[in-house]
Structure formats: C-alpha cells, structure tokens
Amino acid sequence: MHTYPKLRAYFNTIQIYFVFAVILLASCNNKPKEVTVAKEEKPKSLQVIKTYTEATEQLTNAEKIGQLFMPAAYINDTEEEIVKLEQLIKNQNIGALCFFKSRTSAAANYDGQNKNDTLSLSRLKSLIKRYQKAAKYPLLIAIDAEWGLAMRVDNTPQYPYAITLGAMQNKDSLIYEVGKNIAKDCKEAGIHWNLAPVVDINNNPNNPVIGYRSFGENKELVTKNAIAFVNGMQSQGIISCLKHFPGHGDTATDSHIGLPVINKSKGALLANELYPFQQLINNGVESVMIGHLAVPALTEEKNTPTTLSKKTIKGLLRGEMNFNNVVISDALNMKSVSKLYPVKGELEWIAFDAGNDVLCFAENPKEGVATILKNATKQQIEESFKRVWQLKEKAMNTVVSPSKNYYTAKSLNTVLATESLTVVKGNPNTIANFKSDGFIGLEMTSNKENPFFNKIKEELKFASYNTTKTTISKIKQAVKTEENVVIALYPPSIKPKNNFGISDNELELLTNLMANKNVILYVFGNPYVLTKTDTSNAKNIIVAYQDFPVFQENAAEHFLDKVNAKGKLSVTID
C-alpha cells in the first residue's frame, strides 16, 4: 500500500506533460497563416507595393529616374551576365525588365523555338525571382507575348497569330479567351505586362515586320479584335500595351534595321492608322508603345523618329488624343534610333524628353540616369514616375479572383482552327471530284511529320511526296501521269523575306503545277505567301494559317467534307 503515493505522483506528472503538449499543439494549429508564409521567401512580384503617395516621399530623384528604365533580360543568359544585371538593378534602381530568350534573337520580334529546351519556363521563373530579390523596389516584368509566351519562351502554349484571329467572323468572345489564356500564362510565370496587342493596320503586303502580327487591313476589324484581346488580359490582371504608335502597317521597311518613312497626311492617319489607338484609349488601355517611324506630317521634320518627337507624343498622343497613361518607347537598341546618338546616355535623355515614360531596351541605363538627372526638371521626372509607379500599383496590388472557366491551349486552338479556316478560291465539287478520280499528295518545304495527309490517308488511298525528302525531278516524274495534285504548303518563314523561305526550285515547281495540273492548295502559314506565285489557275485555295496539329487535322476534315471553312481573309491578296 505504501507504493500508491509514488504511482499517483508519477501519473500526475504525466498528466501535466500531456496538458502542456495539448496547449502547445493547439497554439501551433491556431498560428496565423501569414506568419508561416512570412518565413518563406516571397517573390516581390507577388507583394503589395507602396502607394505612389508613400513612394514619392521616399525615393530620390535618381531612384525615380531609375524606375523609368526597362533593360533587356535574357532567359538563356550566362551566370556572369545575370550577376551584371543584378548589380545594375541594385545600383541604378531599375524599375522594369523586358524578357527575351537569348541575346542573339533579341533584335528580332520573333524567337524561334527549340523543342529540346524544356527548362526555358522554369529558368524564366527562377530568374524573375532572382532579379526581384536584387531590386530595392519591386520590378515590373514585361514580355512580348502577342501569340503567347511561346513568342519568347520555348515549350510554352502558343496561340494563333493575329492574322489568323482576324479571319474569324464575329468571334470576339474567342479572342477574349485568347487574351485571357495568355494573361493566365503570364501571371503564373511572374509577368505583369504583356507588350501586346499590335493594333497596326496592315495595308502593305510587303511589310517585313508587321504582316501576320496584325489583325488585318480594316480599322474596324483591328479595333474590335484588339478590344476583345485587351479585355481578356485585363480580366486576369495583366497590363496591356498598344503598338506601334502611330501605326507601322503601311511600310516596307523593318524598323529594327532602318527608319521607315510614312508619307501620309495627318488627316489620313487620324482617319485610319490612328483610329484603333483612339478607340482603345477611350476604352481605358494602360499603355501605348511608340514606334520608330518617320512621319513628317506628325513630327514636322523629315527624318525624326516618332519615338523622339515631342510633337507626336506630347502634342498628338497626350494633347489631342487625350492619353494620360504610360508611354513606352519601342526598343532603343534598334538601329533606326540607336545609331543616331553615339554618346552614351544621350538617346535615353532625348527619348525621355520627347515624352516616353518607360525606356525599353535602354542599353546605357547608368549614363541615361545621370543625363536625365542633369537635364530634366523635377516636374518632368515626377510626372513620368507617377504614371509608372501607378502602373506598378495596378499590376501588383490588384487582386483578381481566378476563373475556373479556362480553355486548355489545345481545346482553344481546336476551336480557333475551325472558325478561321478560309476558302480563298474554289468550291466543294472540285474536292469531291479529286476523291473520286484520285490524286497525288505533295508536301512542300516541311521536313517534319505532318498530320494533314496522315489524317486523309485514314480514309483514302493515295501516294504522297515531300520536297524535302524527294528530289524535284523525281516529283515531276511522279506527277507526269496524274492530273490531280493536292499540295500542302508549309512556308518555312512567317515573314516575306526571301519568298517566306521557299527555295526558288520549290517556288518554280509550285507555279508549274498550278499552271499545268488540277491543283488544290492548302496553306499552313502566312496567307501573303500567295502573292509570291501565280495562283490564277489553281482550282481551290484554302488557308489554314497555322501548322499546329489541330489546324492541320481540321484542314484534313475539310478535305474529307466533314467540316466547313468559316473564315474570311482579313487582308487583300492580289
């Protein structure tokens, strides 16, 4: 009996420890979630930034000027270059970055994809976090994603070019979904600002840099589609940007290389090229990009680029068109302007003084900050800083409830394929005759596996050839005794230079076949390719625009008479 007090004490001790354990566990479970999150390294791109009122009191003039600079950042950069950019961000208080895939491709508006680069997106995300960590104030992250992140980032969702979307008839809702999907992809990557859409009216078929990037040659069509695209992006909290003011459509010069000259009256420009800009400004667009264009009617000078023209930016865009939001320059490394000012920092000052708030792809930020600080008035600095900081507030402080109603990239592209397929010439009876009489299939300029003929071969038997796998002479021999030829044309380039990448021998073969055989032509690329050959004798011409598998499969279904072509060319093909 004398052992019971010891046992009792033992159990009391256990009971006390148990109570403490329960209390401790309860306190852990009730700990605010914010405390747990705070222990993690949270990217600044996801943080709430100071208001403009707070920021303007805290930043020096030099820091405010630094916020106006947007240097280029490269996904495939070396560690040495990454460290250099981190130091630039810290030392100059850089406010924004624009991402490109690599240094070799940054001078162009299109970065070709490398199917083997599966780490491009993860590298982009990690670099954004790294650069945000280096910044004293959160960076505004921008990218060109006109047709999706795929424009700059390998192995990411790609959507059709604007010229394809322009072919759809009264499908604003689908273009809204494209903008929404692209914005969602941007947001998930840590990007705030998509430098899109292009609202240039492409009324010059020889335009080397716009073309397929434009919704078409009609101002109302371009405006309607651009508004839908912008609204889709804004639904996800992504900032949009109209380009290239005052309109880069009617020129045959690439402003990456030279200075395009547009000799139109101001009245003509207001009636056409400037119309989409004005309508979207009225609709509340957040930013406008100024193009490197010589437009004497606006600048009142023969060779002054609009990017560097006070009369164009402050007089026309801000004064007459009443645009009060952010103006961003086109890339200041482009030859059309960069070669004009060899002294470092001078171009940046001239561009800022002309009215640009954000200096995109400025190559000399250190000298640029110093020169602007030396020459600018306090009011000039403050006005631009206010617009840029408030854009940051909108991009980073606005909370958007995620939608559950997203298309997958494939499902959306499938719908877009069915709505854009366009018959340029011909009638269904010709296709029916081909199927009953027999035909030869010919793939032109593509060396990859394509589903177009494979899909048709599931139901019909026919021989097919490929110009990249069979010599031209053998193909000529094969079609000698055949009257009907179905040609699937895959232009290697989306741009018109060098006949869209089609070799002279292939172009000659295409022309001869259309002149001497019954030809049905399906085009999986830029419809302007039709201007490079005589198509007058072709029986049927159908434009599918994209070579995505779902676009090819839909075109095959059209040949098999299972779907109709609903689209209409948004540009004139002579």
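Let's start inside the protein, at the second largest cavity of this predicted model. Its lining is made by Glu146, Trp147, Pro160, Tyr161, Ala162, Leu165, Pro197, Val198, Arg213, Phe215 and Phe229. How big is the second largest cavity? Its volume comes to about 90 Å³. If you count cavities of 30 Å³ or more, you get three.

Now find strand β4, which covers residues 140-143. Follow its side chains one by one: Leu140 and Ala142 point one way, while Ile141 and Ile143 point the other way. That fits a general pattern, because in a regular strand the side chains alternate between the two faces of the sheet. Are these four side chains of β4 buried or exposed? All of them are buried.

Next, look at who sits beside β4. Strand β3, residues 96-100, pairs with β4 in the parallel sense, and four bridges hold that pairing. Within it, phenylalanine 99 has isoleucine 143 as its bridge partner. Strand β5, residues 193-194, also runs parallel to β4 and is joined to it by two bridges. Here alanine 142 stands opposite tryptophan 193.

Keep your eye on phenylalanine 99 for a moment. Skip its neighbours within four places in sequence, and it is still in contact with Ala73, Tyr74, Ile75, Leu124, Leu127, Ile128, Tyr131, Ile141, Ala142, Ile143 and Arg152. So where does that put Phe99 in the bigger picture? In general, nonpolar side chains tend to be buried together in soluble globular proteins. The largest nonpolar core here has 117 residues, and the members that touch the most others are Leu97, Phe99, Tyr131 and Trp193. Apart from it lies another core, this one of 35 residues, including Leu442, Phe500, Val543 and Val571.

Further along the chain there is an open sheet of three strands. Its order is β6-β7-β8 and the pairing is parallel. Which strands are at the edges? They are β6 (242-245) and β8 (326-329), each pairing on one side only. From one strand to the next, the twist averages 30°. Two bridges link β6 to β7, residues 287-290, and phenylalanine 245 stands opposite isoleucine 290 in β7.

Helices pack on this sheet too. Helix α11, residues 275-282, touches β6 and β7, and its direction makes about 140° with that of β6. Helix α13, residues 310-320, touches β6, β7 and β8, with its direction at about 145° to that of β8.

Our last stop is another open sheet, made of six strands in the order β10-β15-β14-β13-β11-β12. Its pairing is mixed. The edges belong to β10 (422-425) and β12 (464-466), which each pair on one side only. The twist in this sheet averages 20° from one strand to the next.

Zoom in on β11, residues 440-444, and β13, residues 484-489: they pair in the parallel sense over five bridges. One spot to look for is isoleucine 440, which stands opposite valine 485 in β13. Finally, helix α19, residues 428-437, lies across β13, β14 (518-523) and β15 (540-543), running at about 115° to β14.

Note on methods. Residues numbered from 1 in each chain as written. Predicted model: local features only at pLDDT ≥ 70, side-chain atom pairs only at ≥ 80, totals over all residues. Heavy atoms only, no water. Core = buried A, V, L, I, M, F, W, Y, C linked by side-chain atoms within 4.5 Å. Buried < 20%, exposed > 50% of the residue type's maximum accessible area, 1.4 Å probe, protein only. Contact = heavy atoms within 4.5 Å. Pairing = 2+ DSSP bridges. Axes fitted to C-alpha atoms, helices over the stretch in contact; angles between N-to-C directions. 1 Å grid on protein atoms, 1.4 Å probe; cavity = no way out; pocket = protein on both sides within 12 Å on 5 of 7 lines; lining within 4 Å. Points joined across faces, edges and corners; volume = space filled by probe spheres on them.
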